[in-house]
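The following exercises are to be worked with the sequence and the coordinates at hand. Each task is followed by a solution in steps.

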Amino acid sequence: MPTRYHPLLVALHWLIGIAVILALIAGIAGLEAMPNSDPEKVLALRIHMSMGIAIGLFMVLRLVTRLAAKSPPPAATGRSGLDRLARAVHVLLYLLVFAMVSTGLGTAATAGLFPIVFEGSGAPLPPDFSAYPPRAGHGFFAKLLIGLVLLHIAAALWHQFALRDGLMRRMWFGERN
Ligand code: HEM
């Protein structure tokens with residue numbers, strides 16, 4: 001069994017992690033707070049949607065690599081409940097990021113955003129997105145994802161500074177055997 005994750009998984013972990021945190025912050029503090037009548041809104045949507053689509057593509061690549069490459073064994077803390085929780089959190093992180101990408105795409109498709117945002121069709125944005133059902137899911141999953149990301153970071157810090165088991169090394173580059 002390798003002692004670290006495959007370097008592509010390591011690179012994608014940090015890239016996707018940063019991109020998801022930025023998309024969450026920008027989504028709530030930027031997009032949500034900006035009325036659709038704001039002339040800058042189309043540009044903000046273009047950046048957010050491009051980033052969201054890129055996250056989706058990187059996630060597919062990461063999932064395929066995760067299933068194909070040999071990975072280190074699941075972390076064992078000696079507390080079986082916590083070890084099971086860790087595995088559940090990791091699976092849920094994948095599911096929630098995919099849920100964010102698909103509800104984002106769903107909002108954009110039902111609101112007819114693709115020609116406005118990417119082709120500059122010049123058509124006006126709808127007054128707001130609340131009439132489009134996937135938008136409610138996008139907001140709901142965002143809150144769940146924030147909670148889960150915080151739990152994931154807290155767990156990593158607990159391993160690093162309380163257990164001092166060097167678990168974070170597995171998610172960095174270097175000799176794998
Ligand atoms: C992991 C990927 C993504 C994350 C983390 C993310 C995050 C967010 C967040 C936090 C909001 C504000 C939600 C709220 O507070 O209710 C938002 C709004 C939105 N997102 Fe995303 N998003 C992602 C992917 C996408 C994709 C792929 C698209 C479309 C292609 C998209 C389109 C939108 C739209 C149209 C809004 C509504 C903006 C508004 O209400 O003014 N998102 N997103």
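Two residues are taken to be in contact when heavy atoms of theirs lie within 4.5 Å. The model to which this criterion is applied is a predicted one.

**Exercise 1. Describe the overall architecture of the chain.**

Solution. Begin with the secondary structure: the chain holds five helices and zero strands, and the order from the N terminus is α-α-α-α-α. Next, consider the extent of the C-alpha trace, which spans about 55 × 25 × 25 Å along its principal axes. Then turn to burial: 34% of the 177 residues count as buried. Finally, examine the contacts with a separation of 6 or more, of which 82% join residues 24 or more positions apart.

**Exercise 2. Compare the span of helix α1 with its expected value, and determine which helices its buried residues pack against.**

Solution. Helix α1 covers residues 7–31, 25 residues in number. From first to last C-alpha it reaches 34 Å, close to the 36 Å expected at 1.5 Å a residue. The next step is to list its buried residues: L9, V10, L12, I16, A19, V20, A23, L24, G27 and L31. An α-helix has 3.6 residues a turn, so residues three or four places apart point the same way. Applying the contact criterion, one finds that the buried residues of α1 pack against α2 (41–68), α3 (80–110) and α5 (133–163).

**Exercise 3. Classify A26 as buried, partly exposed or exposed, and give its distance from Y132.**

Solution. First locate the residue: A26 belongs to helix α1. Because its relative accessible area is 41%, A26 is classed as partly exposed, the limits of that class being 20% and 50%. As for the distance, A26 and Y132 are separated by 106 residues in sequence and by 20 Å in space, C-alpha to C-alpha.

**Exercise 4. Characterise the surroundings of the ligand.**

Solution. Start with the site: the ligand occupies the second largest pocket. Its shell consists of 27 residues, the closest being K41, H48, G104, R135 and H138. Now assign the shell to helices. At least two residues come from each of α1, α2, α3 and α5, and α2 contributes the largest share, seven residues.

The last step concerns individual polar atoms:

- K41 places a polar side-chain atom 2.4 Å from an oxygen atom of the ligand.
- H48 has a side-chain N or O atom 2.8 Å from a nitrogen atom of the ligand.
- L31, one of the buried residues of α1, has a polar backbone atom 3.4 Å from an oxygen atom of the ligand.

Note on methods: Residues are numbered from 1 along each chain as its sequence is written. This is a predicted model: local features need pLDDT of at least 70, side-chain atom pairs count only at pLDDT 80 or more; totals for chains, interfaces and linings use all residues. Side-chain values use heavy atoms; hydrogens and water are left out. Helices (H or I, at least four residues) and strands (E, at least two) are DSSP runs, numbered from the N terminus. The expected span of a helix is 1.5 Å times one less than its number of residues. Buried means under 20% relative accessible area, exposed over 50%, partly exposed in between (1.4 Å probe, protein chains only). A residue is near a molecule or strand if one of its heavy atoms lies within 4 Å of it. A polar contact is a pair of N or O atoms within 3.5 Å; within protein, one must be able to donate a hydrogen and the other to accept it, and residues adjacent in sequence count only if both atoms are side-chain atoms. On a 1 Å grid over the protein atoms alone, a cavity is a set of points where a 1.4 Å probe fits but cannot get out, and a pocket is an open set with protein on both sides within 12 Å along at least five of seven lines; lining residues have an atom within 4 Å of a point. A molecule sits in a cavity or pocket if more than half of its atoms lie within 2 Å of its grid points.
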